[in-house]
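Reader: I am new to this structure and should be grateful for a close look at a single part, the largest pocket, with an account of its surroundings.

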Amino acid sequence: MVSGGLGLTLNPVVPHTVIASFFFRESDLSTIRVLSVVLLCIAGAGSVFAQAPATVRSPREDKFRQLEEILPTPNTYRTGSGAPGHQYWQQRADYVIDVSLDDDKQRINATETITYKNNSPDTLTYLWLQLDQNMLAKGSDAQLTSTASTLERVPFDQVDSMLARTTFEGGHVIGSVKDAKGQPLNSTVVKTMMRVDLREPLVAGGVVTFSVAWSYNINDARKIRSRSGYERFEKDGNCLYAIAQWFPRMAPYTDSTGWQHKQFLGSGEFSLEFGDYLVRLTVPNDHIVAATGVLQNPEAVLTPTQRQRLKQAETAEKPVLVVTPDEAKAAEAAKPTGTKTWVFKAENVRDFAFASSRKFIWDARRHDVGGNRVLAMSFYPKEGNPLWGQYSTAAITHTLDVYSRYTFTYPYPVAISVNAPVGGMEYPMICFNGPRPEEDGTYSARTKYGLISVVIHEVGHNYFPMIVNTDERQWTWMDEGLNTFLQYLSEREWDTAYPSGRGEPRDIVEYMASTDQVPIMTNSESLLQFGNNAYAKPATALNILRETVLGRDLFDKAFKEYARRWKFKRPMPADFFRTMEDASGVDLDWFWRGWFYTTDSVDVSIERVRHFTIDTRNPDVENPARKAEEDAEPESLSAQRNKALPKAVDRDPSLKDFYNSYDRYAVTPRDREAYQKFVAGLTPREKELLQSGLNFYVIDLHNIGGLVMPVILKIDYTDGTSEEVRIPAEIWRYNPLDVSKLIMTSKELKSVTLDPHLETADVDLENNAFPRRPVKSRFQLFKFENRQPNPMQLLEAKPGAGADAVKKP
């Protein structure tokens, strides 16, 4: 340290920093006292805010500890930047499937030929396939591990559903597994998985072809809730089929997990490999089929008029009815005379789903997405109108526009929305969505926006996880959370007053304050409050990251880079975390740790605001001010009552001396001389500071919830002006529990509000204001209505009579 003159101490280690001693007067509510403090003045700084390092008071943990000790070590497959490494690989599985839909027995019969390429550096001696329909088999783990629900008031349909599950003959029935020469391969079904032992080891770069034959009963989706099934319409006796998880699919083999063969219990969805599909679907000849991919034989399955309409739709800017309501109604009343085979091809997709029914109305239109011509189509029964005809295809095209802007151009040739007995499920190029109007065609606002939202959400899943191919079986949030975030952005661009249910920080506070929760980074099958945990919380976290932490421009660049890097690849959580940091240039480990690895909440309290002013040392100024402050202090009740009591010094004046008339605030020549000597030793800058008249407000903040977040303060002044101070989360790095922020201003502070725009999901707004504000609410007045009649009144019994004296019916 190099000593300076006139009480100044210069710090040679910190450039342009002067530590100067002043006397301050502090007021904390009604208390006023003089303190000697050390003020940090940054020479030449344009800001009027200063921050001294907080004093650490045994923090619970380091909220800014880096995640490198938790995340997997980077390697040649996955880099430390979050990008795929130069030796990144993934397997590939191509399918040729022939399937027959039995409309009388509600049953699937099919065969498939799988061509599997081993792009890994490993030699494989066996393969694993997923048999997801086995979740519906009797005695499945999903059934055996399901827990009891509350049985106090149970709807009839819930009991019907519970009983149906115990009698339904579900699950894949494997007919055969054969090699390319038609010879049987040894296979073992392990619950919802099947191991196939290879005749010869499959070396790195090798290809193996084999076939599987199977069948299964389709579940009644209204009774046995699943991600697929059929719906029977009682009025016309027809069925609508939404078929998914229907064929034995290759389980992924990855650099991160090896074989991903975690059993399917119902919550953790799917992890799959990309490939090309050729699927031949044989259905009743009056059915209309929607499926993943492009229809290859319209001339064999559509009428000439329907083919002409479909051709027209390829250039139309408004939906064209390929199958009209009248045609669908006529098909409902007729009977099939045979079968037709619909042929679809899909390239570079990870799954295949289809829907089939004679009830379908079909509309379609062309939509250009970044130069890619997409055929947007909707399939729905008449029970879906008028909602479906007005909103479904419009929601598809809107989704493609918004999602493509934030990620990458939609790469597939079609995008389909089907009204089906499934709340909402997603597959490549096709999705199933449930909302319908009432039977009379009317609908509530909730139903309308519910339809638009579910179409946005499920079509949006084409991006995550159908193209950015995350492992849903392990991490639900990686597709549902990111997709819900983009859904929120899409909803905001649909209508200004759109009633989004997820995305706004204020909408997640009840969940964040709850105790029955687990971190987002929890396996899909073990999540509590599934929708809040995997959908709402990560979506809200990303919205906060975009709006409050990074800003829109920087976030959008980083998010788009993640989508671009992992398009048609399989990212893991670390790849997302690392890419967002790599592309933004901002350390976000504190954010991922708090939001994704803990159940902490945001609850920051303004504990107090302390007011300091500079003591000018001028006795003619300070002494009267001190006297005025003392006189302004409230007089105690005892002091008020004691004024009237006779006093000894009044009865005997000889008891009085110098101090009875001494005024300690009276200014003496000695006081003035000392002040003049003090001022004479100051530099012009020091004199300017002494007379600046600045107010110094210390705002003490306490972190109750545990989650560290940026601090946003709105400061209102008595002159009617206000300003906003936005402080990065790093203010908590020394002490995650308590920090103090210094505000220097020439104005007088009136109030302080924390998180004024409700952007951090603070769970308790009552402690966000200083001074505290009344908590407003309302209550209703009511009159007691007539009570229910007692048993005597109900049975018309006379008082004093026995129970056998009641009036007989």
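Author: The domain assignment, whose bounds come from an automatic or database procedure, divides the protein into domain 1 (92-148 + 155-474) and domain 2 (617-668). The C-alpha centres of domain 1 and domain 2 are 89 Å apart. This is a predicted model, in which local features need pLDDT of at least 70, side-chain atom pairs count only at pLDDT 80 or more, and totals for chains, interfaces and linings use all residues. Residues are numbered from 1 along each chain as its sequence is written, and side-chain values use heavy atoms, with hydrogens and water left out.

The largest pocket holds about 1,000 Å³ of space. A pocket here is an open set of points, on a 1 Å grid over the protein atoms alone, where a 1.4 Å probe fits, with protein on both sides within 12 Å along at least five of seven lines; lining residues have an atom within 4 Å of a point. Grid points are joined across faces, edges and corners, and the volume is the space filled by probe spheres set on the points.

The lining of the largest pocket comprises 25 residues, and Ala142, Ser146, Thr147, Arg165 and Arg225 lie nearest the centre. Helix H1 (141-144) and helix H2 (156-167) each supply at least two lining residues; helices are DSSP runs of H or I with at least four residues, strands are runs of E with at least two, and both are numbered from the N terminus. H2 gives the most to this lining, with seven residues. By class, the lining has seven nonpolar, eleven polar and seven charged residues. Ala, Val, Leu, Ile, Met, Phe, Trp, Tyr, Cys and Pro count as nonpolar, Asp, Glu, Lys and Arg as charged, and the others, Gly among them, as polar.

Beyond the pocket, some backbone details may be noted. Most residues other than glycine have a negative phi, and most peptide bonds are trans. A cis peptide bond, with omega of about 10 degrees, joins Asn385 and Pro386, and Pro386 is found in the loop between strand E25 (372-380) and H6. Another cis peptide bond joins Phe770 and Pro771, with omega of about -5 degrees. Gln529 is not a glycine, yet has a positive phi of about 50 degrees; Gln529 lies in the loop between helix H9 (509-512) and helix H10 (530-550).
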